[in-house]
Amino acid sequence: MSFSHFFLACLAGASVLAAVAVGVDSRVLMDEMTTTEARDAIKSGKTTVLIFNASTEESGPHLVLGKHIFRARYLGERIARELGNALVAPVMPFAPTGEEAKFPGTVNLSPETFSRVNEEVADSMVKAGFKYIILMGDHGGNQAPLKELASKLDERYRSQGIRVFYSSDAYAKSDREIENYLKDHDFAPSRHGGVADTSELWAVGEQYVRRDKIAMGDPVQRPYPPQLSLGPTGVEGDPRRSSLELGKMFMDWKVKNGVTEIRKLIQDAQPAK
């Protein structure tokens, strides 16, 4: 082998090793990491962890039961990458539900059980070495229990130099912005299983949406944002103008709002100099 060929072979080998190293270093989903990879990531400065809660629930005949799970995983990964110093705990798949529970496939937890599970997951994250624990949810039933729990846990761990925060902007703030956008652009009213729900999941993966089953649902009969009131279809309103393009835009808003809020929560927690 000539020197030039040898040199090129060495370069190629180095490139492969570098690519592998970057792949390992860039992982942010803890359930795709080994224990040593997670340990090393925390030691290298990824000391924020997102505990993202989802739900397993019906959303009509056109959206899969894991709608919130797949969205939370997608959002968690994107938000963690944008933050640059965060990992994502395995997504919590079960939550308190309401009207959804009358449909097959929905899994319902009491608020007490839901909070207790999050409490123990957070404790595991403390023991792993994280300094900032962010409780988040992609489902309405997540929000109140997580907000209450974050305050309780922050008080418990603060003396150890560990902060626990509830982050809601990727959910509530974003949903208000999306609601206003749809109203301003003359979309027919829809909520659960509607245009936003369908479009956002479509952006995560088209395999999760049964496009041939997108159809008019039941009337929207509730004010924003409280309890569901679902009719026999399990869909509120008209999702027929859902699209991949809308979903990408809405998910971008959710990522931006989540990153901005989490950065501010952590920045505001820094001691005054």
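**Close-up 1. Lining of the second largest pocket in the predicted model.** The second largest pocket is lined by E179, L182, K183, F187, A188, P189, S190, R191 and V220. Its volume is about 160 Å³. By class, the lining holds five nonpolar, one polar and three charged residues. The polar one is S190. E179, K183 and R191 supply the charged part. The nonpolar part consists of L182, F187, A188, P189 and V220.

**Close-up 2. Helix 3 against helix 8.** Helix 3 covers residues 67-83, and helix 8 covers residues 244-268. Their axes come within 9 Å and cross at roughly 50 degrees. Helix 3 is therefore oblique to helix 8. The crossing of this pair is right-handed. From helix 3, the contact draws on R71, Y74, L75, R78, I79, E82 and L83. Helix 8 answers with M251, D252, K254, V255, G258, V259, I262 and R263. Sorted by class, the contact of helix 3 with helix 8 has eight nonpolar, one polar and six charged residues. G258 is the polar one.

**Close-up 3. Helix 3 against helix 7.** Helix 7 spans residues 195-204. Helix 3 and helix 7 pack at an angle of about 55 degrees. Their axes lie 10 Å apart. That angle makes helix 3 oblique to helix 7. Helix 3 passes helix 7 in a left-handed crossing. K67, F70, R71 and Y74 of helix 3 meet D197, E200, L201, A203 and V204 of helix 7. This contact of helix 3 with helix 7 counts five nonpolar, no polar and four charged residues. The charged residues are K67, R71, D197 and E200. R71 and Y74 of helix 3 also take part in the contact with helix 8.

**Close-up 4. Helix 7 against helix 8.** The axes of helix 7 and helix 8 are 7 Å apart, and the packing angle is about 90 degrees. The two helices are therefore roughly perpendicular to each other. On the helix 7 side, V195, A196, S199, E200, W202, A203 and V204 make the contact. On the helix 8 side, the partners are L244, L246, G247, K248, F250, M251 and K254. The contact of helix 7 with helix 8 includes nine nonpolar, two polar and three charged residues. S199 and G247 are the polar pair. E200, K248 and K254 carry the charged class. M251 and K254 of helix 8 also meet helix 3. E200, A203 and V204 of helix 7 meet helix 3 as well.

How values were computed:
Residues numbered from 1 in each chain as written. Predicted model: local features only at pLDDT ≥ 70, side-chain atom pairs only at ≥ 80, totals over all residues. Heavy atoms only, no water. 1 Å grid on protein atoms, 1.4 Å probe; cavity = no way out; pocket = protein on both sides within 12 Å on 5 of 7 lines; lining within 4 Å. Points joined across faces, edges and corners; volume = space filled by probe spheres on them. Axes fitted to C-alpha atoms, helices over the stretch in contact; angles between N-to-C directions. Helix = DSSP H or I, 4+ residues; strand = E, 2+ residues; numbered from the N terminus. Parallel < 35°, antiparallel > 145°, perpendicular 65-115°, else oblique. Left-handed = near helix turned anticlockwise from the far one by under 90°. Contact = heavy atoms within 4.5 Å.
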